[in-house]
Amino acid sequence: MTLHSAFAADIRDSLSDPDLFREAALIDGAWIARADMEVSNPATGGALGHMPDCTADETTQAIAAAEAAMVEWKKKTHAERADLLMAWYQLMLDHADDLALILTAEQGKPLAEAKGEILYGASFMRWFAEEARRINGHIIPSPVPGKKIFAMKEPVGVCAIITPWNFPNAMITRKVAPGLAAGCTMVIKPSDFTPYSALALCVLAERAGIPKGVLNVLTGRPEEIGATLTASPVVRKLSFTGSTRVGALLAEQCAPTLKKMSLELGGNAPFIVFDDADLDAAVEGAMASKFRNGGQTCVCANRILVQSGIHDAFVAVLAARVDALKVAAGTEAGAEIGPMINAAALEKISAHVEDALARGATRATASRDLPEQFADPMVLTGATPEMRLASEETFGPVAPIFRFETEEEALAIANGTPFGLAAYFYTTDMARAFRFGEALEAGLVGLNTGAVSHAEAPFGGVKSSGLGREGAQEGIEEYLETKAFHFAGL
Ligand code: SIN
């Protein structure tokens, strides 16, 4: 069996361990290599490799394999599962450079950032390996003599994991690590744009000793696989990261079998800079939040609100920083913004920019002549609520600046969206810090920071941004059920 196509030769030649690059699906421990579909290299638009387009039958086989594997997996002690996760974590660290290269090749982000994602992804392995040993129930005093009530934690069952292209490594580990720690088994459907990071992770899982069938990976188009996963009564939980539109559709498809669901959906993050903010820190935070992954994250600042007194200074410093960004293929030394994922993403970004300029926005950064796979990073001033970029996620390196006068006005704009994933604000007034932070309608709030993603912190949104939390102590609860065990006759 050959696990790679001629197209994949380049990437395989660059890896220290070429076996990590698989053009195959994984079902019940068997690697199924087929070249049904092409996967593109976003930096060139050319082919990177191929993958199977898994069928409904294969999806059913993967679900059956996960169900069978769960019998033994959930019997393992928590410490045994923790040890396997730690072994997997260590292999991720040992192969971080190769994993980063695969990630950059399929997703486009600069290599240094890809390496950062591998370490971020690995941090979930470590965190949930540690948490595995703290899945405690509790004992409830009974109202009836001679009886005790135990609240016991049990794994929810076979889980379907549907992950996006923007973080092809970390969005898998953030779901799989708590699920495995809890005693669940998994069927993973990575994005059809970025299957190889998921497959490389599972090669390492195999090497770590995670038994066959515990992790299955289905590559290909999402419709048939998604419909089979959501319709299956064996699948007891679905965890999805992606758009609100698809999340709502999956919720509808899961309704007849009443699955537990975690949905990490779209955002429209406000990033608010008050007059009393530390200017340099605010610019630093805006750069980190807005331009991470070229602006292709759900928690990216989508609307930058700046109070009048600091507006011009903030725009000047931010524009200079954006003009200095190096836009290049992710593998090029010093690249800071890579290509966008595909043509549809580029079209949306252009449409937002054209709409904003037509409605009176002004460009504060120089324009550059870039190859067609790249978006021009920019700062736009004079943004208003009527513009498309005020109500839709741009998902690209465009920083629109909205000027505001009062705290009340900023709050109304910030909360004036159906989304509620992340929100950021910069102030040195501690009374305002509390007041404003509490009033923001968001699952994640960053005060004087543009970074809100850590394995230790609960991650998730309110309103149309989703259901449930990932990471932190909360993250493992999503993969557990509580059984009330009434113990009488004592
Ligand atoms: C996302 O964009 O979906 C996740 C970003 C993160 O984990 O920070």
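These are a few notes on two strand regions of this predicted model.

1. Some housekeeping: numbering starts from 1 along each chain as its sequence is written. Because the model is predicted, local features need pLDDT of at least 70 and side-chain atom pairs count only at pLDDT 80 or more, while totals for chains, interfaces and linings use all residues.

2. Start with strand β7, residues 158-162 (strands are DSSP runs of E, at least two residues, and helices are runs of H or I, at least four, numbered from the N terminus). Five of its five residues are buried, meaning under 20% relative accessible area with a 1.4 Å probe, protein chains only. V158, A160 and I162 point one way, C159 and I161 the other. That fits the textbook picture: in a regular strand the side chains alternate between the two faces of the sheet.

3. What does β7 pair with? (Pairing takes at least two DSSP bridges between two strands.) Five bridges join β7 to β8 (residues 185-189), running parallel, and I162 has K189 as its bridge partner there. Another five parallel bridges link β7 to β10 (residues 235-241), where V158 sits opposite V235.

4. Helix α6 (residues 170-182) goes with β7 and β8 in a right-handed β-α-β unit. Right-handed here means that, with the strands pointing away from you, the path from the first strand over the helix to the second runs clockwise.

5. Now the other region: an open, antiparallel sheet of three strands, ordered β5-β6-β22. β5 (138-140) and β22 (480-487) are its edge strands, each pairing on one side only.

6. Within that sheet, β6 (residues 148-155) and β22 share eight antiparallel bridges. P155 stands opposite L480 of β22.

How values were computed
Side-chain values use heavy atoms; hydrogens and water are left out. Buried means under 20% relative accessible area, exposed over 50%, partly exposed in between (1.4 Å probe, protein chains only).
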